[in-house]
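Subject: Handing over the two-chain model

Hi,

Here is the structure I promised to pass on. Have a look at it first, and then read my notes below.

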Amino acid sequence: MARAGKFYLGLTTAVIFILLEIAAISLLDRSSTLQNIWINRISHNVMAFNWGSMTKVRNYFGLKEQNEILAGKNFELFKELQHYKELEKAVQAMAKLDSAKLPSRFNYIPAEVTAMGTNSRHNYIILDKGSEHGVKPQSAIITPNGVVGMIYAVDKRYSYGLSLLNDKVSVSARIGREGLVAPLSWDGRGSDHAILKDIPLHLTVGQGDTVRTSGISAVYPPDIPIGVTTGSRLIDGAVNVVDVKLFVDFASLRYVIIAENPDRQIIEQMEE
Amino acid sequence: MKNYRYILLYLLMVIVQILLGNFFPLSRWVLISLLPALLLALPLDTRAILSMLLAFALGFAVDFFSNGMLGLTSLALVPAGLVRGPVIRMVFGDELSSRGDKLSLQRLGAPKMTLALILLCSLFFLVYIWADSAGTVVFWQGALRFALSVLVSVPVCVFVMRLLRP
């Protein structure tokens, strides 16, 4: 209560002070030309400052509408830009496909990744090309930089594949161009690592050797780079495994190539 | 009886201020004003509102009866009236008003009284000279006029405080 009383007393004092000063200025304004000019100049400056501030505030709030229009235009431009970027990447992917000199016995279909999982042991990949584009199950999913996975099931417009980051997928791989052939699979330790298994104990594998698809498969075209060896280790004293750092960056994967072997069924029948 | 003496002396000092303004202009560089002392000499329990109203009235009277610009002294004296209370508390302490004591030069001592008057005179002359020059004089001229006015007026005000005992 006392505090409120003090507050009101202070407020009254301030108001009376301002009123008395205004009264004194008014008197002074009327009593001298020099002071009149001076006071007018000060009041004009104060008014100009106030108007300037008010205009700034008004413009600031008026900018909201302009901002919304600009944001809309910005979004339209962004969409347009994305469209052109995608077109450019697709053209580049096609150009790479042409220049990759992939084995001609395979049919190649460029595709875009629609969805992909990388967080479980059974990771999948969904592509935007299906049976109406000529995609068949058991086709390889590759990029010019490496193996991505394998088509598992095909819809009319989409296809479902098993990613290389799936412990059910195994790729026949070769160390170097003429080296040892061994199955490569994902060990689940990271999205950029795989292992080559069943390496004989007496063989030593150096670091930095490129691992490619062996071609001893009806699914994967030969000599597609997969990764590079980073070392070997003995498991349970019986098996030697080689660690491979994969070339494909699954986190940024967007465009792939589906490689379909038209003779796959014949080869499989002969194998049976 | 004592109050009558105080009121008469107070009015006399107002007349002296008017006469000083009319007949004894020392120089354009020096202003003499007793008004800060007249404000300080008000009874201790005078509230800020009353002291501001009195300051306005005093300024108006002095300007009206002398050749000054009407409103100029009021403009400068009202702020002094506003800060009178805080200046007294700052210089003399809070106990002075709680004891119901009086502002007496003899009891409180000349140094403290001089300090209080310097503060009030400074504020008064700052506003007065600023408004009087109306932006037509350069800074150092205004500063010199301010310094000289404070230097001359403070001793005069101390003398007035010695005479006035509410």
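Which residue in strand 2 of chain A stands opposite A:Met116? It is A:Ile125. I'll come back to that pair below, after some housekeeping.

This is a predicted model, in which local features need pLDDT of at least 70 and side-chain atom pairs count only at pLDDT 80 or more, while totals for chains, interfaces and linings use all residues. Residues are numbered from 1 along each chain as its sequence is written, and chains are lettered from A and ligands numbered from 1 in the order in which they are written. Helices (H or I, at least four residues) and strands (E, at least two) are DSSP runs, numbered from the N terminus.

**The barrels of chain A**

Chain A has a closed barrel of six strands in the order 1-2-5-4-3-12, with antiparallel pairing. From one strand to the next, the twist averages 45°. Two strands are said to pair if DSSP finds at least two bridges between them. Angles run from 0 to 180 degrees between N-to-C directions, and axes are lines fitted to C-alpha atoms, for helices over the stretch in contact.

Back to A:Met116 and A:Ile125, which stand opposite each other. Strand 1 (residues 107–116) of chain A and strand 2 (residues 122–127) of chain A are antiparallel, paired over three bridges. These two strands form a hairpin, with five residues between them. Strand 1 of chain A is also joined to strand 12 of chain A, by six antiparallel bridges, and there A:Ile109 stands opposite A:Ile258. Strand 12 (residues 255–260) of chain A also has three bridges to strand 3 (residues 140–143) of chain A, again antiparallel. In that pairing A:Ala140 has A:Ala259 as its bridge partner.

Another six strands of chain A close into a barrel in the order 6-7-8-11-10-9, also with antiparallel pairing. Here, too, the twist averages 45° from one strand to the next. Take a look at A:Lys245 in strand 11 of chain A: A:His193 stands opposite this lysine, and so does A:Val228. The strand pairs behind this are strand 8 (residues 193–199) with strand 11 (residues 239–246) of chain A, over five bridges, and strand 10 with strand 11 of chain A, over eight. Strands 10 and 11 of chain A form a hairpin with three residues between them, and A:Asp236 in the turn has a positive phi of about 55°. On to strand 9 (residues 210–213) of chain A, which is joined to strand 10 (residues 225–235) of chain A by three antiparallel bridges; A:Val211 has A:Gly227 as its bridge partner there.

**Where the chains touch**

Between the chains, 16 residues of chain A are in contact with 16 residues of chain B (contact means C-beta atoms, placed from the backbone, within 7 Å). On the chain A side, helix 1 (2–31) and helix 2 (33–99) are the elements that give two or more residues. Helix 1 of chain A gives the most, with 12 residues. By class, the chain A side has nine nonpolar, six polar and one charged (Ala, Val, Leu, Ile, Met, Phe, Trp, Tyr, Cys and Pro count as nonpolar, Asp, Glu, Lys and Arg as charged, and the others, Gly among them, as polar).

**Helix 7 of chain B**

In chain B, I'd start with helix 7 (residues 110–133). Its 24 residues should span 34 Å at 1.5 Å a residue, and its end C-alpha atoms are 32 Å apart, which agrees (the expected span is 1.5 Å times one less than the number of residues). Just after this helix, B:Ala134 takes a positive phi of about 50°.

Helix 7 of chain B packs against helix 8 (residues 139–163) of chain B at an angle of about 140°, with axes 8 Å apart. The two are therefore oblique to each other (angles under 35 degrees count as roughly parallel, over 145 as roughly antiparallel, 65 to 115 as roughly perpendicular and the rest as oblique). Their contact has 14 nonpolar, six polar and one charged residues.

Helix 4 (residues 72–92) of chain B comes within 9 Å of helix 7 of chain B, axis to axis, and crosses at roughly 155°. That makes the pair roughly antiparallel. Among the residues in this contact are B:Leu72 and B:Arg84 of helix 4 and B:Lys112 and B:Asp132 of helix 7. The contact divides into 20 nonpolar, no polar and three charged residues.

Cheers

Key. Contact = placed C-beta atoms within 7 Å.
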